[in-house]
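Please look through the model shown below, following one helix first, then the cores, then a single loop residue, and finally the confidence of the prediction.

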Amino acid sequence: MMWRLLLIYSLCVVFQPAHSYVEDYYCGEHNCYDLLEVTRDATKQDIKRAFRAIASKTHPDKFQDPEEKKVAEERFRQLSTAYDILRDDEAREDYDYMLDNPDQFYRNVYRAWRRRMAPRVDVRIVLAVTITVISLIQYYNGWTKYDEAIKYFAVVPKYRIQAVELAKREGLLITDKKRLKGMTKDQVKEQEEKVIRQVIERKMDIRGVYAKPTYKDILWVQLVFLPYWIMQYICWYVRWVWKFWIMKEEYGPEEKMYIIRKFMGLSHGQFENLEDSVKDDYMKQELWMRENYDAWKAERDAELKIKLAQSGRYKSYRRYLKNNGPGRMYFDDS
């Protein structure tokens, strides 16, 4: 494969065209400035006036003879091409580059082709549309996850019973048969599900990935507030260094929770998803102190090893590794 690429490159270098113009993209073998009888320092207004002056004299409608008219049409086409190139800043820049670097034929072809074929769309518009689409997807996905969590709590008996009791206590759930008179079973069930969902939405503390989406979860908002959040983090970090590293002050509850979360390697969402009782237990064990955390982790790892050793599935897995090796795979149809 490599020798083929080298061969193609060698052929391109050896058989590089000697002429400096790029056909079909600019003015061919003619000089665009010479066609309009202007210099390279000419302004857009100079180019416009020159084109009008020459075009008024050489316009095909001024000739009656077929041969002369045909020559005038070709001449007018060349003038129009030259005018279109020189009045456009990007096209004129590429053309000037070709005049200054006639030996870079393939580069000039690429620049001319890129200018003609590339879509003329503002990059800012593309970025704005992309960010908007991502923001909409984020928002929709957040509400979908939240709806899944509500449906899950409404189905699990443990949470459903709690929601029903709260609804009855608050008088939201209709239990009087007189008030239910005239309603079908489906209507009663639908109303009950609606009430249970409302209670779950108000009472259940849903955190993490399935939490109720807020404006801070949208990419547009995150980008807008990013400079503010960066400055906020810098201020927080400077305060942390000054307060706890230099002044040696004691940690507060929030700082202790932050240190514990960092020791455990959990994200903010994962840590917030833990039960409050678990967090209280971490605080009681003073896990923000490194030695306490190391001892706690060693104890947890030992407990996990004991559970795995007593697990039948884990024992089966270890026997498999012992007999077959970790990288061996085979088909057994017995």
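In helix H10 of this predicted model, the residues Val195, Ile196, Val199 and Ile200 are buried. Seen down the axis of H10, the buried residues fall within an arc of 135°, and they therefore line one face of the helix. On the other side of H10 the exposed residues are Asp186, Glu190 and Lys194. The helix itself runs over residues 185–203, and its 19 residues reach 27 Å from the first C-alpha to the last, close to the 27 Å expected at 1.5 Å a residue. What do the buried residues of H10 pack against? Their partners are helix H7, residues 123–155, and helix H8, residues 157–169.

From this helix one can turn to the nonpolar cores. The largest nonpolar core has 22 residues, and those with the most contacts inside it are Cys32, Leu36, Val38, Ile47, Ile85, Leu86 and Tyr95. At least two residues of this core come from each of helix H2 (32–35), helix H3 (44–58), helix H4 (66–87) and helix H5 (89–100). Val38, when its neighbours within four places in sequence are left aside, is in contact with Tyr33, Asp46, Ile47 and Ala50. Another core, of 15 residues, lies apart from the largest one and has among its members Ala167, Val195, Ile200 and Ile206; of these, Val195 and Ile200 are buried residues of H10.

Further along the chain, Tyr251 is placed in the loop between helix H11 (219–246) and helix H12 (253–264). Is Tyr251 buried, partly exposed or exposed? With a relative accessible area of 30%, Tyr251 is partly exposed, since that value falls between the 20% below which a residue counts as buried and the 50% above which a residue counts as exposed. Not counting residues up to four places away in sequence, Tyr251 touches Trp240, Phe244, Lys256, Ile259 and Trp288. Of these partners, Trp288 is 37 residues from Tyr251 along the chain, and the C-alpha atoms of the two are separated by 9.1 Å.

The confidence of the prediction remains to be considered. The mean pLDDT of the protein is 82, and 83% of its residues reach 70 or more. Over residues 1–20, however, pLDDT stays under 50, and the model has eleven contacts beyond four places in sequence for that stretch. The pLDDT is also below 50 over residues 328–334, a stretch that has three contacts in the model beyond near neighbours in sequence.

Methods:
Residues numbered from 1 in each chain as written. Predicted model: local features only at pLDDT ≥ 70, side-chain atom pairs only at ≥ 80, totals over all residues. Heavy atoms only, no water. Helix = DSSP H or I, 4+ residues; strand = E, 2+ residues; numbered from the N terminus. Expected span 1.5 Å × (residues − 1). Buried < 20%, exposed > 50% of the residue type's maximum accessible area, 1.4 Å probe, protein only. Arc of directions from axis to C-beta. Contact = heavy atoms within 4.5 Å. pLDDT = per-residue confidence, 0-100. Core = buried A, V, L, I, M, F, W, Y, C linked by side-chain atoms within 4.5 Å.
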